[in-house]
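Here are some exercises to work through with the model open beside you. Try each task before you read its solution.

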Amino acid sequence: MDISPDNKTIIFELLGDIYSLPIAGGNADLLLGGTPFFSQPRYSPDGKSIIYISDKSGSDQLWLMSYQGENPKQISSLITDGMFSPEWALDGKSVYLSAIYGVYNRKTSIFQIDLETGERNLIVENKTIPGSRLMSTPAPGPFMSSIRKSDNSILYTLVTPRNYGSRDGAKSEIISLNPNSKKVFPLAVEKSNPMKPTFSPDEKWLVYVAESKGETGLRVMETSSGEEKWLAFPFQRNELEARATRDVIPNYAISSDSKFVISAFKGKIQRINLRTLAIDTIPFSVDISKQVLKPLSFSHRIDDKPFVARFINQPAISSKGEVVVSVHTDLYKSSLSRPNLKIIPSTKSQRSFYPSWSADGEQIVYTTWEEDGGHIWLQENKGDAIQVTKINGFYAQPLIDQENKRILAIRSSVGIKRKTKYTVIPPESDFIEVDLKNGNFNVLARTDGFQNHQFNPVGNGFFATSPQKGLAFFSAELEPKLLVKLSQPAKHIKVNKEISSLLATSNNGALYRFDLPSNLLEQESILELNLQKEGMLLTDNRPEEFGWSSDGVPFWTIGNELFQGSNEKSFDLIISFEKHKPQGTLVLRGAKVITMKSNEIIESADLVIKENRIVDIGPKGEVVIPEGAQLIDISDKIVIPGLIDIHAHGILPQDAIEPISPFTYSNLAYGVTTLRDPQATTQIFTYSELIEKGEVPGPRIFSTGPGIFAFDQLDTYEKIKERLKIYSDRYQTHLIKSYLIGNRQQRKWMVQACRELALMPTTEGGADTKLDITHALDGFSGNEHAIPNAPIYKDIAEFFAQSGIAYTPTLLVSFGGPLPIFRFFAEKNPFENEKIKYFFPNDALYQKTANRLLYFRKEDYHSRSISAGVNDILLKGGLVALGGHGELQGLQNHWEMELLASGGMSNHNILKVATINSAKAIGLDQDLGSLEKGKLADLVILSKSPLDNIKNTTAIEFVMKNGVLYNGSSLDELWPKQIPAIKPWWHYSK
């Protein structure tokens, strides 16, 4: 917002358009509108021109137009990650502004832009404050504010964001820089966290924004006396806890006669008299018309057809041209000359991983890893598997020597692996040498992040690699010796058994080969290699696995296709599985059923389930009961559809797959029958397939797979579409996470490519309201995380509702303030909750929810205000969905529903958000989200009604998923069979 030098006109931005308004108020005139985002307009000193920030060119740049909105002209052509807070120099020939550099490790600097040439001059650089890695914080450094007329001093806000998990909050101070002497000093003011300083033209007043008791206010100091007063308190909430891409506080303006301040707060334009402090509201109205692309939505059906495993894992190729792979949790073998994977029967009874061949191709060594631990096993081509090791533990990457006498492997105790179970190989693991004859082992060295080892082909010792450190040699006599390092860390590195070549994958997924010198061990200096410049590119198609065959040929996998030696030589390793579907017919009789079919509630219902689908539902006695159906009377219960969590992060063990975890067990026990993880490794799809096979109870798992980030450098439409084909073809998902991939143009390309490939892209909201608005403008399917501005008003609520974008606020981690999850941990004390303790390792539960909790006063939180905005969007017809963010597997969704209630949402609407709305948001509402004839039988049976109290959603007695009925306290299967649930590993631990 700004005011003209003649004090007659106000200009402001609303939803990315720029309007003008007479100072007396009235209907605002559109100066600049359309699909680009125009913001932060400022009048020139003579009032004839307006500068503003726009992404019309594809990225934020400085633009200039006449005061009437004519002749828009791009001034800057800078490569930045955002611009904000432009301010005219006093002579009207240049503009000062802040610019952000670095999408993730962000910093701000202040530049001066010459309006004639567009050239920039660095004025204030952030040299002292570390870049922000947390998505929901401002970029640290100087935020441009204003110019003091008497000495041309540059005034700015110096911002230091909070560190995640720290008790220290964000900090700001206001700074004055003399452009001639270059002297910098803070302006002395009374209140804490001051920001956005501006002197009145006569310099009798200093106006600034500050915090007090958890609120933000607009303050004024009389410069002659130093006396300060509040102009408005509370004011607009600041963005020290948000991304602040339009500054930490909206702009306000002081009239040229130094009599009043024009500002917007409480949803209105206000005029504040600097002397009397009287506040007058300037009445205004705006006729808004925005062209919005319809959000991408593609219906996706869930069928019972057999499926082909998406990936083959940990392939090993023998010298005889045979391959063995781990698929899900079993080992399969095939000849490459005629690929036809067959399970190795002796591995079926245990979860088996990390296969490798002996040099002669006659034996396979592999590891097992289950609830009670694991061992190394030896499988002869003809014969049963033999357990090699005697001591239980976690074993990985076993390798047989040339003489078939020794095995080189990695080992940790079961307890150490469990403590670091989300790290594939614990850093405290050891390299061990196992005697193949008697199973005894010797510890050779601590792994210290190294793995993928090879025996020394010409003597004692061994070699191993680390993605961060490189290639090292280990021996009993000497400390590990680093031989090779990469100029940039790799994702993975593997060396061949001759120690003559390396394979390495870069962080963007390309696979390279390096040849090593023959005298590598004798070299005194460390050999440094550059992936892109010195490596031989084998593929840039993001292989999941790679390695060396027994005869030294490189290979890699793309989905379930194996490539050996070159892109032209490939093998399809296809294995098909049946989906689990129960048999029989069940009638659930007499319960009150909240169907989520509009507002339908059946007070006493008959619900008929055949196999895994609802075949009929209606009032008790009005439904035909099939002959032979089993009937269960649940007359005193309440039935709702299964909960659907579409922002369900869950860290799952990788490589050595563990299908039983809080992610699977606890979520299902708490009524979550379907979830989407919007950012995960590709192995999330393996877990999904295990559940589809019926090997373990768990929710249906959908995922976007790995998010797409700015560091992927997808800077053309062609690159984006090529990457997305991997998701549609290889990952077989219709869901994508566009995770701050770059500028506005790149985001538009993302939507365009998704439209052509029938994909539904959701986004990282990033605590950035400006970004969130463009997500809705450009046709993204969803926006993840809360809009950080709170409260929101009619413009935002109507816009998001009418755009149709799915809004998943994840209130437990509400952007813009302290995260409510801290309060829930402290107040709910989940460590004493017997059910969650049953479904969670106790040490991990205590560490997460009871150890060193952060405390914030209630006034610091703003989740109630955020939630009220969510409710407003819903009531105006918006699509609001449920996302618990994985904060505490199972319980988080019920806490999320409590937070929705805190903003005034009705209990029935909350249930819609948690069921049918979430199904619609990910294109699954034809099969899920409501209890209707023909839909999948996913439901929750409660002992108390959530319509009376939303907290009653935790009163779960039974959960049905895919037609299978489970005990909600234990996950024992009750129908169609009675099968005790597999005991989780944490029930074995002492």
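Throughout, buried means under 20% relative accessible area, exposed over 50%, and partly exposed in between (1.4 Å probe, protein chains only). The model is predicted, so local features need pLDDT of at least 70 and side-chain atom pairs count only at pLDDT 80 or more, while totals for chains, interfaces and linings use all residues. Residues are numbered from 1 along each chain as its sequence is written, and side-chain values use heavy atoms, with hydrogens and water left out.

**Exercise 1. A bridge between two helices**

Find where Glu898 and Lys828 lie, and decide whether each is buried or partly exposed.

Solution. Start with the contact itself: the side chains of Glu898 and Lys828 form a salt bridge, with N to O at 2.9 Å. The term stands for a side-chain nitrogen of Lys or Arg within 4 Å of a carboxyl oxygen of Asp or Glu. Next, place the partners: Glu898 is in helix H13 (residues 892-902) and Lys828 in helix H9 (residues 820-828), so the bridge ties together parts 70 residues apart in sequence. Helices (H or I, at least four residues) and strands (E, at least two) are DSSP runs, numbered from the N terminus. Finally, compare with the cut-offs: Glu898 has a relative accessible area of 17% and is therefore buried, whereas Lys828, at 32%, counts as partly exposed.

**Exercise 2. Two further bridges**

Which parts of the chain do the pairs Asp938 with Arg700 and Lys320 with Glu362 link?

Solution. Take Asp938 and Arg700, whose closest N and O atoms are 2.3 Å apart. Asp938 sits in the loop between helix H14 (907-921) and strand S70 (939-942), and Arg700 in strand S63 (residues 700-703), so this salt bridge joins parts 238 residues apart in sequence. Both Asp938 and Arg700 are buried.

Now turn to Lys320 and Glu362, which meet at 2.0 Å, N to O. Lys320 is in the loop between strand S28 (313-317) and strand S29 (322-327), and Glu362 is in the loop between strand S32 (352-357) and strand S33 (363-368), 42 residues apart. Lys320 is partly exposed at 48%, and Glu362 is partly exposed at 31%.

To finish, widen the search: the whole structure has 47 salt bridges. Asp55, Arg744 and Asp778 are linked in a network of them.

**Exercise 3. Around helix H8**

Work out which residues of H8 are buried and what covers them.

Solution. Helix H8 spans residues 794-803, and Ile796, Ala797, Phe799, Phe800, Ala801 and Ser803 are buried in it. Their cover includes helix H7 (769-778) and helix H12 (863-875). Then look at the ends. Pro791, in the loop between strand S67 (782-784) and H8, is joined to Ala790 by a cis peptide bond with omega of about 0°. Just after H8, Gly804 has a positive phi of about 85°.

**Exercise 4. Unusual backbone**

Where do Ala244 and Glu611 lie, and is each buried or partly exposed?

Solution. Begin with the background: most residues other than glycine have a negative phi, and most peptide bonds are trans. Ala244 has a positive phi near 55°. Ala244 belongs to the loop between S21 and S22 and is buried, at 0%. Pro234 is in the loop between strand S21 (228-232) and strand S22 (253-254), and a cis peptide bond joins Phe233 to Pro234, with omega of about -5°. Glu611 also has a positive phi near 55°. The place of Glu611 is the loop between strand S57 (605-610) and strand S58 (613-619), and at 23% Glu611 counts as partly exposed.

Conventions:
Contact = heavy atoms within 4.5 Å.
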